[in-house]
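Let's take a friendly look at two parts of this structure: a small piece of sheet and a pocket. Have the model open beside you as you read.

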Amino acid sequence: MNKKFTKMTVSQLSPELLKQRPELYPDLDKLLALPEKIIQFGTGVLLRGLPDYFVNKANQQNIFNGRIVVVKSTSQGSADAFEIQKNIFSHGIRGIQNGEHIDETVINTAISRTLSASNHWAEILECAHNPEMKIVISNTTEVGIQFVEDNLQASPPKSFPGKLTAFLYERFKAFEGSAESGMVIVPTELIVGNGTKLHEIVLKQANEHDLGKDFINWLEQNNQFCNSLVDRIVPGKPDAETVAELSEKSGYKDDLLIVSEVYSLWAIEGDEHVKSVLSFAQADKGVVIEPNIDLFRELKLRLLNGTHTLASGLCFLYGLNTVRESMENPETSEFIADVMLKELAPAIPYEVDPARAQEFGNQVLDRFRNPFIRHQLIDITVQYTAKMKMRNIPTLLNHYQKSSEVPVLFAKGFAAFLLFMKPVQLLEGIYSGERNGELYPIRCDSAAYFAEKWEAAETLPELVQKVLSDDSLWGTNLTSLPGFSNAVTENLELLSKKETIIN
């Protein structure tokens with residue numbers, strides 16, 4: 001027994017390793033033999049920590065009984081780890097629920113294959129011929145669902161909507177447009193109306209490439225693009241301390257380890273047909289399928305994600321690195337709570353009961369305080385500009401519909417965003433900013449735009465005026481909001497002089 005344990009402490013997580021412990025995984029062979037029913041575009045931790053978690057849980061309860069083919073957008077990165085571990089990974093679930101400390105690890109066997117779009121496009125298209133594969137899931141970040149000029153004959157098309165259009169066209173041809181071959185498509189990208197927007201782009205791609213009226217009719221009549229909302233804090237790659245702790249506890253090495261909070265919600269807009277196809281929803285009350293999910297979306301998007309976006313740059317420039325550190329610091333914790341509850345919650349651009357918004361906001365603050373989660377602030381700043389626009393600008397505009405007062409905390413968070421986006425170096429196509437003499441990556445598609453604006457501006461008021469007035473960036477002229485431009489400028493001047501971050 002001791003020898004077996006010693007061997008496992010140095011072994012890589014794999015089916016072979018799990019078979020050494022049949023008492024813990026008695027149904028492993030059955031789970032690994034389940035048919036492929038889902039194609040998933042994205043390998044990110046959010047997908048593995050939420051949709052894939054629900055599918056795995058349902059499989060273990062003998063409810064869904066299907067596995068996932070994952071499509072990776074590039075040939076680089078973690079695909080090798082998926083191959084080595086045969087797509088099995090462990091998921092640490094840690095936090096507080098109803099006053100009880102939760103610290104458990106789940107082995108996820110829901111993924112059958114991980115294919116690179118650039119290397120395995122023919123195999124991906126072959127999945128369209130599988131009659132049991134009726135579900136598409138995606139998370140390609142907020143900028144992934146956009147129309148671009150694409151070549152649907154390429155291997156692969158360059159955009160996610162282009163790939164999806166080509167996949168659906170392959171399926172249409174394979175099954176001669178039968179009604180039964182239609183799919184349920186559930187994007188999880190954090191944009192309002194993600195399913196609706198993806199549907200519109202796929203139809204545009206179909207028309208642009210003359211794929212025919214029969215295909216378009218099949219798209220419209222037999223496929224359902226569902227708006228959805230995901231809500232679970234799943235940070236990026238766990239830090240070395242967490243990896244070492246969980247590895248020692250489990251007795252194996254896992255290069256695909258993810259860690260999440262306990263709370264989970266996947267709200268999907270759908271009818272009874274969607275419920276029947278997404279049967280894994282029966283396994284966990286965290287999956288909600290309803291005709292309208294607007295309330296779920298607005299609360300999460302504006303309070304949790306909106307607060308993340310407004311606070312991440314500010315707290316990072318303050319010298320902190322994680323959300324938990326930000327909640328442990330009295331000054332930044334006060335900023336986070338006040339901007340959420342005093343400015344964002346009353347201005348949600350949706351009819352929300354104020355008491356419900358405050359209740360949800362306080363839940364979010366408890367989740368931010370989770371002692372087990374090390375959510376890196378720098379990860380929250382990925383695609384910072386798109387997140388600011390989608391998550392916070394509608395709330396800002398609605399604030400001014402209700403009040404002429406300047407949202408001073410919002411202005412401070414926005415000023416920190418501008419300062420964070422100030423590059424000091426461009427190396428091999430990557431822009432970097434500087435904090436306390438150290439470089440940090442600016443992982444945002446608008447990095448070049450801000451590099452140009454910072455370079456051209458002779459004064460900070462000029463920079464603020466140029467950026468805020470750019471309606472091509474924000475969809476509106478933010479300088480028209482009374483007092484907002486001045487408040488942003490004042491905060492930016494103070495931040496730039498490092499005279500203050502919070503107070």
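## The three-stranded sheet

In this predicted model, three strands form an open sheet in the order E13-E14-E15, and their pairing is antiparallel. Strand E13 (425-427) and strand E15 (438-441) are the edge strands, each pairing on one side only. From one strand to the next, the twist averages 40 degrees.

If you would like to follow the pairing in detail, start with E13 and strand E14 (residues 430-435): the two run antiparallel and are joined by three bridges. Leu426 is a handy place to look, as this residue stands opposite Tyr431 in E14. As general background, strands of a sheet pair through backbone hydrogen bonds, in either a parallel or an antiparallel way.

## The second largest pocket

Now to the empty space. The second largest pocket holds about 810 Å³. Helix H5 (51-60), strand E3 (89-97), strand E4 (100-108) and helix H16 (354-368) are the elements that each give two or more residues to its lining. E3 provides the largest share, with five residues.

## What lines the pocket

Which residues lie nearest the centre of the second largest pocket? They are Ile96, Gln97, Val262, Tyr263 and Ser264, out of a lining of 26 residues. By character, the lining of this pocket divides into ten charged, nine nonpolar and seven polar residues.

Methods
Residues are numbered from 1 along each chain as its sequence is written. This is a predicted model: local features need pLDDT of at least 70, side-chain atom pairs count only at pLDDT 80 or more; totals for chains, interfaces and linings use all residues. Side-chain values use heavy atoms; hydrogens and water are left out. On a 1 Å grid over the protein atoms alone, a cavity is a set of points where a 1.4 Å probe fits but cannot get out, and a pocket is an open set with protein on both sides within 12 Å along at least five of seven lines; lining residues have an atom within 4 Å of a point. Grid points are joined across faces, edges and corners, and a volume is the space filled by probe spheres set on the points. Helices (H or I, at least four residues) and strands (E, at least two) are DSSP runs, numbered from the N terminus. Ala, Val, Leu, Ile, Met, Phe, Trp, Tyr, Cys and Pro count as nonpolar, Asp, Glu, Lys and Arg as charged, and the others, Gly among them, as polar. Two strands pair if DSSP finds at least two bridges between them. Axes are lines fitted to C-alpha atoms, for helices over the stretch in contact, and angles run from 0 to 180 degrees between N-to-C directions.
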